[in-house]
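Reader: Could you take me through one helix of this model in close detail, and then show me how the rest of the picture builds up around that starting point? I would be glad of the cut-offs as you go.

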Amino acid sequence: MSDLRQPHAAPATEHVQAPGDSGTSVAETAGADGPEQTSPVGRLAATVDRLRREVRAAQAEADGRALIELAKGILVERLGCGPAQAARQLAELTEQAGVTPLEFAVEVINQASRDRVSEVTSAFLAATAARSDAEASAEGTSSAVRLRTAESGALAADDTQAVADSLLEHALTPLGAEAVAIWGLGADGSLSLAGSAGFSTAEAGRWWHVPPGVTTVARRGLTEEGGEWIRSLAETGLPSIGQHHHPEGGRVAVPAGTGGRIHGVLEIAWPEPLDQLSPPIVRQIEALAELCAHTLQTSAPPDPASDTGPRILPDVAELMDLVDGLHDPALVLMPHLDAEGRLIDFRIQHVNGRFLDPAGRPRGVINGALLLETYPLSAGQSELFDRIERVYATGEPYRAHRMRLTALVDDVHLTAVADINISRHGGSVLLIWRIEDETARLANLLQHAQRLGRIGGFEENLLTGEITWNGQLYDLYGRSASSSPVPLEDLAAHAHPDDAVAIGRFLRAVLHQRRPASAAFRLQRPDGVTRHIRVVAEPVLDSDGQLYVVRGAYQDISAHHWTEVALAATRDQLAHTEQQASERNRLALQLQHAIMPPTQAPLEAPGLRVAVRYRPAETQHLVGGDWYDAVVLPSGLVLLCVGDVAGHGIEAATSMVVLRNAMRGLAVTGAGPGQVLTWLNMVAHHLTGSITATAVCALYDPERRTLRWARAGHLPPVLVRGTEATALPLVKGLLLGAVPEAGYEEQEVQLAVDDTLLMYTDGLIERRDRSVEESLAQLLTAARSVPPTLEQQLDRLLVHSRSDTDDDTCIVGIRVD
């Protein structure tokens, strides 16, 4: 494909940054003090970016200094002077010529050497003779500077790999190339990869040796006169290193020879198809090949199988092949350890062809770099680096939907949203992300919104008669996608006859009055189903004010229509039900207040003061079944009890009345508290519709000052003696009504003068966010404070109650005189 070397396009090196120039752009300095730098991660990223630029500037300065020193040496030889005088002479000549010291040094070297590089410079000047002298001179000088810098880097390199790095950085990247390979020719005709740049380590490991007779791009560069110049690698079908990355890209393979002997091949890869190259660029590539030949004469190609060459484990190589077949951007990461074996970073071992760097850097630059050095913000708020580190440590894969990724590009934070997938494979980590495309996301969102809202869109061109429906509209009409859309003028034919007036008014507004309008009608579908539809349309006018397009949407509002019908039908029923409920609650509240007044006159009992308190629920519809009783029995004993019927409303209130009156009647028999609860359980289970309740029943003997008590699933009474308050030990007893027959244990407590006993329902202490034990402990703390009178103590407990259930509360207190 020799035609690629014919003059066709302008040289691809119209602007090249000279070595020694830091290259700091306006964008790089403008954001240095931006708000992004205030965070620690932002400052870290800015520091890494600044250090990276300083290193690049130092490297470029070192490359240029070598050329300047060489020019000084030439002046020393020609002028017969010392180094100091040569330096002053070089500075004076540079100032007179109006160029940079580096450019003048290259000019001195070209005049002294008259080698291939000088020929390239002359060719550039001749090719640009039609342009201004200054422009041609600048272009030729720029090309010479690049070639001399690459030459200087190659001469200073320790091996061919460093030569490849220098060629790509200084000479080939300005030409648009993304990778370079230097092949050494063996005595048996085999090719060995002496050095490469821009290709991954795994790719170099797979191509380190090509046996004789195998036709590759590099082999064709040896056999074809003048080398192989390929516009697109995919068009030839030839195998070569990096063929899976940008297969449509161009390739050039030029023999590297000197002194009449070929030592190898220089192969260059471009990411895009290669257009015809001008003769100066062709000569530049041939000059680089000659430079490689000098290096191949003195350097042996590294053996990847040796301990010093790149070694890629089989599982890592297979993973890289897998990554190359993915449709999403992916990185293969290898752990990077310090001298003590601690993980400090990950090295980017391989990137696939789908990878695009946010900063626009080629994949060859990313390959082999450290993750935190390349993307310092991965350790920021996204916690991407922490996730990678955890996956490597545990082996547990990590997946995240819509993770925010941030990259620092010219001191500007660029953020993208992506789905992340991180997994460990052997000793490496695979990072895959799928960047969310904004256009596709919005289109998908619109489609889901139309589906959920049962909306179908349309557009009708009134001039051509072309009608466009989306899929949702065909579904609304009950028509197949292959059927013809319905024009607006035929809308009445598909609607209920009673809706013809509304449709006519809608069409007149849109088609004749040329204003947006809407209408609701009943659509009669071909399958016999009638749907309630709302249509909205707006006219679109051309530059002459004529109507030519109508756009709009149909929405299925059947569910909304029938909901309104159902609501209208149930309004009266709901109002009647609310009135009944209000009446029931009012009756229950009246019944409760009649039987259980909030306060009650003190009970007259010898040697005993009794007080009771009742606090109804704050919300009337939560009228409960809490009850209490304190009465002197004919035997002289005092009956004390509290209880709580499950549920609320009129049923709970009436059940409370039944149990309270039943307990009074059973206690008159002279039975003990345990027997009374046993009988009351039968009443609750058999005679009241199987209600359930809790209760505490106690009989106080004024003569002996003893209290016998039993419980049915209720909280224990609290005894206050002096400054101590304790809950009485629990005795066994199921709640009332749970089983047909149940036995209840009794316990007797000896009381002393000034002792206070409190019986209460759970509305006093119950909280939604705490256990019963914690609430009971708070009650004991509050009960230790003993006011002068029993009534004040009960009132204080109600005031300081921390219950949050809005339930009824009953308290019965006795104090021994």
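Author: Happily; let us begin with helix H21, residues 673-687. Its 15 residues should span 21 Å at 1.5 Å a residue, and the end C-alpha atoms lie 20 Å apart, which agrees. The expected span here is 1.5 Å times one less than the number of residues in the helix. Helices (H or I, at least four residues) and strands (E, at least two) are DSSP runs, numbered from the N terminus.

A word on the basis of all this: the model is predicted, so local features need pLDDT of at least 70 and side-chain atom pairs count only at pLDDT 80 or more, while totals for chains, interfaces and linings use all residues. Residues are numbered from 1 along each chain as its sequence is written, and side-chain values use heavy atoms, with hydrogens and water left out.

Back to the helix. The buried residues of H21 are Pro 673, Gly 674, Val 676, Leu 677, Thr 678, Leu 680, Asn 681, Val 683 and Ala 684. Buried means under 20% relative accessible area, exposed means over 50%, and partly exposed is in between (1.4 Å probe, protein chains only). An α-helix has 3.6 residues a turn, so residues three or four places apart point the same way. Among the elements that cover the buried residues of H21 are H20, strand E21 (693-701) and strand E22 (706-712); contact means heavy atoms within 4.5 Å. After H21 comes Gly 689, with a positive phi near 75°.

One of the covering elements, helix H20, runs over residues 650-667 and holds Ser 655. Ser 655 is buried, at a relative accessible area of 10%. Leaving aside residues up to four places away in sequence, Ser 655 touches Val 645 and Ile 691.

Now to the nonpolar cores, each a set of buried Ala, Val, Leu, Ile, Met, Phe, Trp, Tyr and Cys residues joined through side-chain atoms within 4.5 Å. In soluble globular proteins, nonpolar side chains tend to be buried together. The largest core has 30 residues, and Leu 167, Leu 172, Val 180, Ile 182, Leu 266, Ile 268 and Ile 285 touch the most other members. Elements giving two or more residues to this core include helix H7 (160-172), strand E1 (179-185) and helix H11 (279-298). H11 supplies the largest share of this core, 9 residues. Two residues of our helix turn up in a second, separate core of 29 residues, which includes Val 631, Val 683, Ala 684 and Cys 697.

Aromatic rings deserve a look too. Rings of Phe, Tyr and Trp (its six-membered ring) pair if their centres lie within 6.5 Å; planes under 30 degrees apart count as stacked, over 60 as edge-to-face and the rest as tilted. By this rule there are 6 aromatic pairs. In one of them, the ring centres of Phe 458 and Tyr 554 are 5.3 Å apart with their planes at 50°, so the pair is tilted. Phe 458 belongs to strand E12 (residues 455-461) and Tyr 554 to strand E16 (residues 547-556), so this pair ties together parts that are 96 residues apart in sequence. Phe 458 is buried at 8% relative accessible area, and Tyr 554 is buried at 2%. Tyr 554 also pairs with Tyr 477: their ring centres are 5.5 Å apart and their planes at 85°, so that pair is edge-to-face. Here the link runs from helix H17 (residues 471-477), home of Tyr 477, to strand E16, 77 residues apart. Tyr 477 is likewise buried, at 2% relative accessibility. Ring pairs join Phe 458, Trp 469, Tyr 474, Tyr 477 and Tyr 554 into a cluster.

Finally, the charged side chains. A salt bridge is a side-chain nitrogen of Lys or Arg within 4 Å of a carboxyl oxygen of Asp or Glu, and the whole structure has 22 of them. Arg 231 and Glu 235 form one, at 3.4 Å from N to O; Arg 231 is partly exposed at 34% relative accessibility, whereas Glu 235 is exposed at 53%. Another joins Asp 769 to Arg 767, with the closest N and O atoms 3.1 Å apart. Asp 769 is exposed at 53%, while Arg 767 is partly exposed at 22%. Salt bridges that share partners also join Glu 203, Arg 206 and Asp 321 into one network.
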